[in-house]
Amino acid sequence: KIMVTGALGQIGSELTGKLRDLYGADNVLATDLREPAGGQNGPFSQLDVTDGERMQELAKSFGADTLIHMAALLSATAEQKPLLAWNLNMGGLVNALETARELNLQFFTPSSIGAFGPSTPKTNTPQDTLQRPTTMYGVNKVAGELLCDYYFTKFGVDTRGVRFPGLISYVTPPGGGTTDYAVDIYYKALEEGRYTSFIAEGTYMDMMYMPDALQAIVDLMEADPAKLNHRNAFNVTAMSFEPSQIASAIQKHIPDFRLDYAVDPERQAIADSWPDSLDATAASEEWGFKAQYDLDSMTADMLAKLKTKLGK
Ligand code: VAH
């Protein structure tokens with residue numbers, strides 16, 4: 001039985017649906033700070049992850065054996081509200097790890113390409129390398145990786161995580177991310193036939209389509225622990241592109257689509273501090289990670305699904 005925090009977020013909302021399909025709706029307790037707008041097709045409880053006691057009460061009364069902690073502020077928001085980000089991202093994580101330790105839960109929380117910084121090798125970024133991020137989000141992610149490994153080695157908590165690249169989805173728009181331009185561009189391509197990118201041409205970042213991200217979480221959590229030489233957190237990626245490349249992929253479907261640029265210095269600085277492409281060998285060797293979608297197949301699916309969603 002699985003409890004999910006941040007279940008109304010960009011990943012959490014789709015992950016909850018996938019877990020309910022796989023393991024049964026009543027076996028997945030969704031929690032979030034906000035109340036769900038639409039109907040939930042399974043148990044839901046309101047939870048502020050900075051309230052550790054409430055988190056533990058909910059997990060215990062639900063009879064959870066697994067905790068998937070997704071509640072966090074993303075990079076751009078964290079850079080604008082660094083202390084709030086520290087308190088929520090780290091306070092929430094400590095509460096989640098303590099709940100997992102107390103109740104002996106299997107544990108997952110994501111890290112990010114944001115856990116790397118300007119001094120990290122930018123291309124084919126290794127699984128084990130220098131991590132000196134220059135954003136509050138990155139500080140939270142590196143501290144989070146170390147804390148999750150600590151709970152594994154010190155207390156034997158079965159903690160696992162992946163470093164997600166930018167995630168692209170059509171269900172729940174992301175909020176406050178630096179890679180969000182790669183989601184916004186699809187909506188604007190259909191709504192206006194053009195997009196003004198806040199990330200500069202030539203800025204490469206790792207990206208992945210949401211279905212691959214959700215499958216990666218399930219595959220890692222179901223992996224044989226004896227085969228895991230790493231825990232927190234595995235590099236995973238599907239593709240690396242810069243804005244003009246995603247525009248070209250869209251133009252194969254919408255020939256008149258036009259991209260121009262109005263660079264946001266703050267989010268550009270964040271993007272510039274991140275790698276251009278990750279090496280995901282460890283994930284494929286230790287638990288069989290393999291992304292199914294590349295830029296063209298993701299673009300075809302995103303546009304088809306968004307056309308339906310937007311009634312285009
Ligand atoms: C962000 N989408 O932009 C998130 C993610 C790799 C980027 O961490 O903050």
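**Exercise 1. Two asparagines with an unusual backbone angle**

Find the loop that holds Asn 124, then decide whether Asn 124 is buried or exposed.

*Solution.* Start with the place: Asn 124 sits in the loop between β6 and α5 (136–155). This is a predicted model, by the way. Next, check the accessibility: Asn 124 comes out at 54%. The cut-off for exposed is over 50%, so Asn 124 counts as exposed. Now look at the backbone: Asn 124 has a positive phi of about 50°, although it is not a glycine. Why does that deserve a second look? Because most residues other than glycine have a negative phi.

Try Asn 104 in the same way. Asn 104 is in the loop between α4 (82–103) and β5 (106–108). Its phi is near 55°, again a positive value in a residue other than glycine. With a relative accessible area of 64%, Asn 104 is exposed.

**Exercise 2. Strand β6 and its sheet**

Work out which strands make up the open sheet that contains β6, and which of them are edge strands.

*Solution.* First, get the order: 3 strands form this open sheet, arranged β6-β8-β12, with parallel pairing. Then pick out the edges: β6 (111–112) and β12 (234–235) each pair on one side only. Now zoom in on one pairing. β6 and β8 (residues 162–164) are joined in the parallel sense over 2 bridges, and Ser 111 has Arg 163 in β8 as its bridge partner.

Before you leave β12, step back along the chain to Ala 233, in the loop between α7 (210–222) and β12. The peptide bond from Asn 232 to Ala 233 is cis, with omega near 5°.

**Exercise 3. Around the ligand**

Name some residues around the ligand, and find which side chains have an N or O atom 2.6 Å from a ligand oxygen.

*Solution.* Begin with the surroundings, which include Leu 74, Ser 112, Phe 164, Gly 177 and Trp 274. Then go for the short distances. One side chain with an N or O atom 2.6 Å from a ligand oxygen is that of Ser 75; another is that of Tyr 137. The backbone joins in too: a polar backbone atom of Thr 178 is 2.7 Å from an oxygen atom of the ligand. Finally, see how covered the ligand is: on its own it has 270 Å² of accessible area, and the protein covers 95% of that.

**Exercise 4. Inside and outside**

Decide whether strand β2 is enclosed, then compare Thr 172 with Glu 35: which is buried and which is exposed?

*Solution.* Take β2 (residues 28–32) first. 5 of its 5 residues are buried, so the strand is largely enclosed by the rest of the structure. Both faces are covered, with Val 28, Ala 30 and Asp 32 on one side and Leu 29 and Thr 31 on the other. β2 runs parallel to β1 (residues 2–5), joined by 3 bridges; in one of the pairings, Val 4 partners Ala 30.

Now Thr 172, in the loop between β9 (166–168) and α6 (181–191). At 17% relative accessible area, Thr 172 is buried. Its side chain makes a polar contact of 2.6 Å with the side chain of Ser 13.

Last comes Glu 35, in the loop between β2 and β3 (44–46). Glu 35 is exposed, at 55% relative accessibility. Leaving aside neighbours within four places in sequence, Glu 35 is in contact with Leu 8, Phe 44 and Gln 46.

How values were computed. Residues are numbered from 1 along each chain as its sequence is written. This is a predicted model: local features need pLDDT of at least 70, side-chain atom pairs count only at pLDDT 80 or more; totals for chains, interfaces and linings use all residues. Side-chain values use heavy atoms; hydrogens and water are left out. Helices (H or I, at least four residues) and strands (E, at least two) are DSSP runs, numbered from the N terminus. Buried means under 20% relative accessible area, exposed over 50%, partly exposed in between (1.4 Å probe, protein chains only). A polar contact is a pair of N or O atoms within 3.5 Å; within protein, one must be able to donate a hydrogen and the other to accept it, and residues adjacent in sequence count only if both atoms are side-chain atoms. Two strands pair if DSSP finds at least two bridges between them. A residue is near a molecule or strand if one of its heavy atoms lies within 4 Å of it. Accessible areas come from the Shrake-Rupley method with a 1.4 Å probe; for residues, only the protein chains shown count as cover. Contact means heavy atoms within 4.5 Å.
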